[in-house]
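This report looks at how charged side chains pair with one another and at what becomes of the cysteines. Please keep the structure in view while reading.

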Amino acid sequence: MRLKVHGFGSGDRLAVLVHGGMSSAGTWHRVVPRLTALGYRVLAPDLRGHGESPHADSYTPEEFAADLVESLPAGAEVALGHSLGGLALSLAVADLRPARAVYSDPAWKLTGNPMASDIADFARTCKSMTAADIRRMNPRWAASDVEAELRGFAAFDADGVRLPLRDRVPAEPVVPSLVQAADPSPLVSPALAEDLRGRGFEVRVVPDTGHCVHRDDLEGFLKSLEGWV
């Protein structure tokens with residue numbers, strides 16, 4: 001599937017940002033200006049079933065990844081994926097071949113995870129959430145983050161997209177790779193973080209953040225990317 005890809009800036013370096021489940025490229029609206037100020041051109045796709053990209057009959061991790069390969073140029077200086085976007089990026093990275101990859105609280109290990117067990121119910125109710133609901137769940141978010149989440153929920157194919165209940169931890173990094181973990185993280189436990197370090201990933205924890213690190217603490221998110229962007 002050819003995805004809707006949002007482009008920003010005109011720098012000589014290319015950065016790719018892949019959003020998480022039930023969101024859209026709008027999740028990066030506060031990150032993008034910081035990257036373009038560093039001289040990046042930024043490409044941010046909407047995954048299938050999200051944002052302005054088409055809905056589909058099937059949503060598998062392999063299809064999310066294949067869409068990225070179909071829709072994005074290879075050879076970006078850095079590619080960053082959050083949550084489901086991190087999973088999709090990890091499956092596409094061998095073809096996209098960015099110089100560096102960053103996985104922000106990636107959805108790699110889901111079996112037995114409480115977040116995965118209730119995600120289907122959450123997906124069905126997200127359409128009815130109000131700004132007050134989102135703000136209550138995410139008190140550290142900027143008002144613009146709440147607005148972006150509302151737009152993402154409105155466009156999301158809640159009847160089709162589901163997180164895959166299967167562990168997909170990469171055996172090793174294909175390119176130099178950073179795993180950015182929330183604290184506490186619902187997806188990257190201390191044990192998994194240690195395992196990932198043993199596999200060759202660098203792991204950095206952003207203190208006192210939830211799953212959406214870039215929304216909870218933008219400055220902490222960017223600080224943890226030093227040397228990678």
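A residue is called buried when its relative accessible area is under 20%, exposed when that area is over 50%, and partly exposed in between. Arg197, at 37% relative accessibility, therefore counts as partly exposed. The model described here is a predicted one.

**Salt bridges**

How many salt bridges does the count come to? The count comes to 14 salt bridges, and one of them joins the side chains of Arg30 and Asp145, with 2.8 Å from N to O. Arg30 sits in the loop that runs between strand 2 (13-18) and helix 1 (32-36), while Asp145 belongs to helix 7 (residues 143-155), so this pair ties together parts that are 115 residues apart in sequence. As for their surroundings, Arg30 is partly exposed at 24% relative accessibility, whereas Asp145 is buried at 1%.

Two further salt bridges are found within helix 8, which covers residues 190-199. Glu194 is paired with Arg197, their closest N and O atoms being 3.4 Å apart, and because these two residues are 3 apart in the helix, about one helical turn separates them. Asp195 and Arg199 likewise meet through their side chains, at 3.0 Å from N to O, and they are 4 residues apart in helix 8, again about one turn. Of the residues in these two pairs, Glu194 counts as exposed at 51% relative accessibility, while Asp195, with a relative accessible area of 32%, is partly exposed, and Arg199 at 29% is partly exposed as well.

The three pairs are set out here with their N to O distances.

| Salt bridge | N to O distance |
|---|---|
| Arg30 and Asp145 | 2.8 Å |
| Glu194 and Arg197 | 3.4 Å |
| Asp195 and Arg199 | 3.0 Å |

Salt bridges also link residues into a network, whose members are Arg13, Glu77 and Arg100.

**Cysteines**

A disulfide is a covalent bond that joins the sulfur atoms of two cysteines. How many disulfides does the structure hold? The structure holds 0 disulfides. Cys126 takes part in none, and the nearest cysteine sulfur to it, that of Cys212, is 13 Å away; a disulfide would need the two sulfur atoms to be within 2.5 Å. Cys212 is likewise in no disulfide, with the sulfur of Cys126 as its nearest cysteine sulfur. Both cysteines are buried, Cys126 with a relative accessible area of 1% and Cys212 with one of 16%.

Key
Residues numbered from 1 in each chain as written. Predicted model: local features only at pLDDT ≥ 70, side-chain atom pairs only at ≥ 80, totals over all residues. Heavy atoms only, no water. Salt bridge = Lys/Arg side-chain N within 4 Å of Asp/Glu carboxyl O. Buried < 20%, exposed > 50% of the residue type's maximum accessible area, 1.4 Å probe, protein only.
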